[in-house]
Amino acid sequence: MSSHQPRKRFGQNFLRDDRVIDRIVAAINPRPGQHLVEIGPGEGALTAGLLAQGCRLDAIELDRDLGPALTERFGDHAGFTLHQADALQFDFAALAATGESLTVVGNLPYNISTPLIFHLLGFSGLIDDMYFMLQREVVNRLAAEPGGKAWGKLGVMAQYHCEVEALFEVPPEAFRPPPRVMSGIVRLTPHHSACDNRREASLRRVVSAAFSQRRKTLRNTLRDLVSVQQLEALGISAGARAETLTLQQFVAISEMIEADTKTFDSGPKAEDTKRDQ
């Protein structure tokens, strides 16, 4: 039994079930030499299973008290590098500087899982796939489909960037200390299509506004972004609620806003008009 006491402020719940660890490693199926990044290795239970497959592994750990034990256990492994850092602020592009892509894995603390996933989506062009242990509710939101209460900003934005697949659930007793909720493993596979930053910014605005007041209709939540006539031109009812829209419909609205903005930006400036007079 480890002498390290899990810290509540870091959201630490350490994996201890070998069967669950083996199942996660099998799902990731790392190849010899493959470049993995593990967020929050904790006591190294999953780390050991991954390194045993011959992969290269960069581990990012915020708790400095865990650093010495991780270094002592894995420091002699040629494929292991420890980064004492906050994953929310970490530049993952620095790990892919040679042009190779990354596989990101981690037992993510429940209190930072959503912002961390959004942070990682900003590097999706560098990532082959991601495997995360998350609160079951978060997995359900990531993999949600339109029409249900779980469908929201997290699912729309994640599925805009990635294919999302809920793999299997993990019970509380697989951890030390046991959390009060069920957990789940999810796989995110980036689409790797060219991402237009301007379009993504428009999509974020639309989705954030649409889900800001879930019980209100699009006529109210999107009134500062698009008109009723524009929604109807896309075949979308202004009386619909955000949870009924598909990803493709959200993208269509954002593209309309983007097109209108480009038209406005490319129009004659005031000074140009004066010169023409």
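# Reading charge pairs and cores

Guide: Glu200 and Arg204 both sit in helix α7, four residues apart, which is about one turn of the helix. Keep in mind that this is a predicted model.

Visitor: How should I read such a pair? What do the side chains of Glu200 and Arg204 meet in?

Guide: General idea: side chains of opposite charge can pair when their charged atoms come close. Here, Glu200 and Arg204 meet in a salt bridge, at 3.5 Å from N to O.

Visitor: Is Glu200 buried or exposed?

Guide: Buried. The cut-off is under 20% relative accessible area. Glu200 has 13%, so it counts as buried. Arg204 has a relative accessible area of 26%, so it is partly exposed.

Visitor: Which residues do shared salt-bridge partners join into one network?

Guide: Arg199, Glu255 and Glu258. Take one link of it: Glu258 and Arg199 form a salt bridge at 3.4 Å, N to O. Glu258 belongs to helix α10 (residues 247-266) and Arg199 to helix α7 (residues 197-210), so this pair ties together parts 59 residues apart in sequence.

Visitor: And the burial of these two partners?

Guide: Glu258 counts as buried because its relative accessibility is 4%. Arg199 is partly exposed, at 28% relative accessible area.

Visitor: How many salt bridges does the structure hold?

Guide: Nine. One of them joins strands.

Visitor: How far apart are the closest N and O atoms of Glu165 and Arg187?

Guide: They are 2.6 Å apart, in a salt bridge. Now place the residues. Glu165 is in strand β7 (residues 162-170), while Arg187 is in strand β9 (residues 183-190), so the bridge ties together parts 22 residues apart in sequence. Glu165 counts as partly exposed because its relative accessibility is 32%.

Visitor: Now the nonpolar side. What is the general idea?

Guide: In soluble globular proteins, nonpolar side chains tend to be buried together.

Visitor: Which residues have the most contacts inside the largest nonpolar core?

Guide: Phe132 and Phe250, in a core of 55 residues. Apart from that core lies another one, with 26 residues. Its members include Ala59, Leu70, Phe175 and Ile185.

Visitor: What does Phe132 touch, leaving out residues up to four places away in sequence?

Guide: Read the contacts as stretches of sequence. Val104, Val105, Gly106 and Leu108 are among them. So are Ile117 and Leu120. The list also includes Gly184, Ile185, Val186 and Leu188. Note Ile185: Phe132 touches it, and Ile185 is listed in the 26-residue core.

Notes. Residues numbered from 1 in each chain as written. Predicted model: local features only at pLDDT ≥ 70, side-chain atom pairs only at ≥ 80, totals over all residues. Heavy atoms only, no water. Core = buried A, V, L, I, M, F, W, Y, C linked by side-chain atoms within 4.5 Å. Buried < 20%, exposed > 50% of the residue type's maximum accessible area, 1.4 Å probe, protein only. Contact = heavy atoms within 4.5 Å. Salt bridge = Lys/Arg side-chain N within 4 Å of Asp/Glu carboxyl O. Helix = DSSP H or I, 4+ residues; strand = E, 2+ residues; numbered from the N terminus.
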